[in-house]
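Here is a short tour of one chain, written for someone who likes to check values against coordinates. Please have the viewer open as you read.

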Amino acid sequence: DNISQMYDIIYDEMIDAKIAEKINKPCFMNEKGKVVEECDRFGKKVDTILTHPEYCLFANETGCNTSMKKDGHVAGTRYITKKGTQAQRMASTSEGRF
């Protein structure tokens, strides 16, 4: 299916970038990344191990909607901008599904 194909491509890229390794025998893991029996598993069998998580960046999709009205943003976030400029903090509140 498409999801499995997407993950295969991502994992191959991580292996090529040397931040992950393919393991010989796929296994089940728990939420803490420890190898466990199937009855204690969290998710599917793992066949790739992230060896350098400090070099891995994940991004999350927007849910196919441009509205950010209920995005869970909490006040107090700092923004990085060019010296002498101000961060533009406007967000779309209109529904724009794609």
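The secondary structure of the chain comes to 1 helix and 3 strands, and from the N terminus on these elements follow the order α-β-β-β. Please keep in mind that this is a predicted model. Of the 98 residues in the chain, 11% are buried.

**The loop after the helix**

Between α1 (2–16) and β1 (20–29) there is a loop, and Lys18 is found in it. Lys18 has a positive phi of about 65°, although this residue is not a glycine. For background, most residues other than glycine have a negative phi. As for its surroundings, Lys18 is exposed, because its relative accessible area of 65% is over the 50% cut-off.

**A nonpolar patch**

Ile3, Met6, Tyr7 and Ile10 together make a nonpolar surface patch of about 350 Å². One of these residues, Ile10, lies in helix α1. Its relative accessibility is 34%, so Ile10 counts as partly exposed.

**The largest pocket**

You may want to look next at the largest pocket, which has a volume of about 660 Å³. It is lined by 21 residues, and the closest to its centre are Tyr7, Tyr11, Lys45, Val46 and Thr48. Tyr7 thus appears both in this central group and in the nonpolar patch.

Which elements each supply at least two residues of the lining? They are α1, β1 and β3 (46–50). The largest share, 6 residues, comes from α1. By residue type, the lining of the largest pocket divides into 11 nonpolar, 4 polar and 6 charged residues.

**One salt bridge**

How many salt bridges does the count come to? The count comes to 1 salt bridge. In it the side chains of Lys22 and Asp47 meet, with 3.3 Å from N to O. The pair links distant parts of the chain, since Lys22 is in strand β1 and Asp47 in strand β3, 25 residues apart. In general, side chains of opposite charge can pair when their charged atoms come close. Is Asp47 buried, exposed or partly exposed? Asp47 has a relative accessible area of 26%, so this residue is partly exposed.

**Two buried strand residues**

Val46, one of the residues closest to the centre of the largest pocket, is found in strand β3. With a relative accessible area of 19%, Val46 falls under the 20% cut-off and is therefore buried. The C-alpha atoms of Val46 and Pro26 are separated by 5.2 Å, while the two residues are 20 residues apart along the chain.

Met29 lies in strand β1. Its relative accessibility is 15%, so Met29 also counts as buried. Along the chain Met29 and Phe42 are 13 residues apart, and their C-alpha atoms are separated by 6.0 Å.

**Accessibility side by side**

The residues discussed above are gathered here with their relative accessible areas.

| Residue | Relative accessible area | Class |
|---|---|---|
| Lys18 | 65% | exposed |
| Ile10 | 34% | partly exposed |
| Asp47 | 26% | partly exposed |
| Val46 | 19% | buried |
| Met29 | 15% | buried |

To pick up two threads in your viewer, you could start from strand β3, where both Val46 and Asp47 are found. From there, Asp47 leads to Lys22 through the salt bridge, and Val46 leads to Pro26 through the C-alpha separation of 5.2 Å.

Note on methods
Residues numbered from 1 in each chain as written. Predicted model: local features only at pLDDT ≥ 70, side-chain atom pairs only at ≥ 80, totals over all residues. Heavy atoms only, no water. Helix = DSSP H or I, 4+ residues; strand = E, 2+ residues; numbered from the N terminus. Buried < 20%, exposed > 50% of the residue type's maximum accessible area, 1.4 Å probe, protein only. Patch = residues over 30% accessible without salt bridge, like charges linked within 9 Å, V, L, I, M, F, W, Y side chains within 5 Å. Areas by Shrake-Rupley, 256 points an atom, 1.4 Å probe, with all protein chains shown as cover. Salt bridge = Lys/Arg side-chain N within 4 Å of Asp/Glu carboxyl O. 1 Å grid on protein atoms, 1.4 Å probe; cavity = no way out; pocket = protein on both sides within 12 Å on 5 of 7 lines; lining within 4 Å. Points joined across faces, edges and corners; volume = space filled by probe spheres on them. Nonpolar A, V, L, I, M, F, W, Y, C, P; charged D, E, K, R; others polar.
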